[in-house]
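Visitor: I am new to this structure. Could you walk me through a few of the labels and the reasons behind them?

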Amino acid sequence: MLSDRMQEALNGQINAETYSSYLYLSMAAYLHSEGLSGCASWMRVQAREELVHAMKFFDFVNEQGGRVLLAAIEQPPSDWDSPRAVFEAVLAHEKKVTGLIGDLVELARQEDDQATGAFLEWFVAEQVEEEESAAGVLQKLQVSERSPEGLSEFDARMGQREFHAPS
Ligand code: MG
């Protein structure tokens with residue numbers, strides 16, 4: 001059984017994860033327009049993963065007998081200064097999401113809600129991976145910028161990412 005506060009916070013996270021998907025889809029569109037089809041493909045995979053995150057919260061609220069309420073999704077930015085600015089924005093966004101998950105963990109503790117606390121453990125671990133992945137991509141992009149062929153090689157490698165449904 002979810003408290004009203006917890007239900008509201010979990011509904012807020014459904015919105016945040018859906019916004020993440022929307023943001024990454026907008027980044028995919030930008031990268032595509034810049035001719036970086038591999039990076040665009042990578043970002044589309046990222047967008048799909050975020051929808052899976054949203055659905056995990058959606059299912060959890062239902063399983064706990066709560067009520068899912070969907071709010072409007074904020075319009076994401078449509079332009080960035082450079083591909084590098086996109087990946088810097090990914091890392092910054094994932095750090096922000098880590099903070100949101102941390103807030104939920106703290107609320108679960110305050111409410112003595114052990115089921116939600118246990119549910120959130122997957123997301124705590126996932127955010128470590130998300131930040132590591134975003135930082136790794138950014139580092140590879142920075143290295144690639146040092147050679148003339150670097151960006152197209154980087155783009156080709158980015159295009160190899162495949163979607164795997166998280167367990
Ligand atoms: Mg997420």
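Guide: Gladly. This is a predicted model. Start with S144, which lies in helix α4.

Visitor: What makes S144 buried or exposed?

Guide: Its relative accessible area is 6%. Buried means under 20%. So S144 is buried.

Visitor: Which residues does S144 touch, leaving aside its neighbours within four places in sequence?

Guide: With those neighbours set aside, S144 is in contact with G150, L151 and F154.

Visitor: Why are α2 and α4 called roughly antiparallel?

Guide: Look at the axes. Helix α2 covers residues 37–63, and helix α4 covers residues 114–144. Their axes cross at roughly 170°. Angles over 145 degrees count as roughly antiparallel. Therefore α2 and α4 are roughly antiparallel to each other. The axes also come within 12 Å.

Visitor: Which residues of α2 and α4 meet?

Guide: On the α2 side, they include W42, H53 and F60. On the α4 side, A115, F119 and V137 are among them. The residues of this contact divide into 9 nonpolar, 4 polar and 5 charged.

Visitor: What makes a residue a donor to the magnesium ion?

Guide: Donors are N, O and S atoms within 2.8 Å of the metal. Here E17 (OE), E50 (OE) and H53 (ND1) coordinate the magnesium ion at 2.1 to 2.2 Å. So they pass the cut-off.

Visitor: How are the donor residues spaced in sequence?

Guide: The spacing is E-x32-E-x2-H. The pair E17 and E50 links distant parts of the chain. E17 is in helix α1 (residues 4–33) and E50 is in helix α2, 33 residues apart.

Visitor: Are E17 and E50 buried or exposed?

Guide: Both E17 and E50 are buried.

Terms used
Residues numbered from 1 in each chain as written. Predicted model: local features only at pLDDT ≥ 70, side-chain atom pairs only at ≥ 80, totals over all residues. Heavy atoms only, no water. Axes fitted to C-alpha atoms, helices over the stretch in contact; angles between N-to-C directions. Helix = DSSP H or I, 4+ residues; strand = E, 2+ residues; numbered from the N terminus. Parallel < 35°, antiparallel > 145°, perpendicular 65-115°, else oblique. Contact = heavy atoms within 4.5 Å. Nonpolar A, V, L, I, M, F, W, Y, C, P; charged D, E, K, R; others polar. Donors = N, O, S within 2.8 Å, 3.2 Å for Na, K, Ca; no water. Buried < 20%, exposed > 50% of the residue type's maximum accessible area, 1.4 Å probe, protein only.
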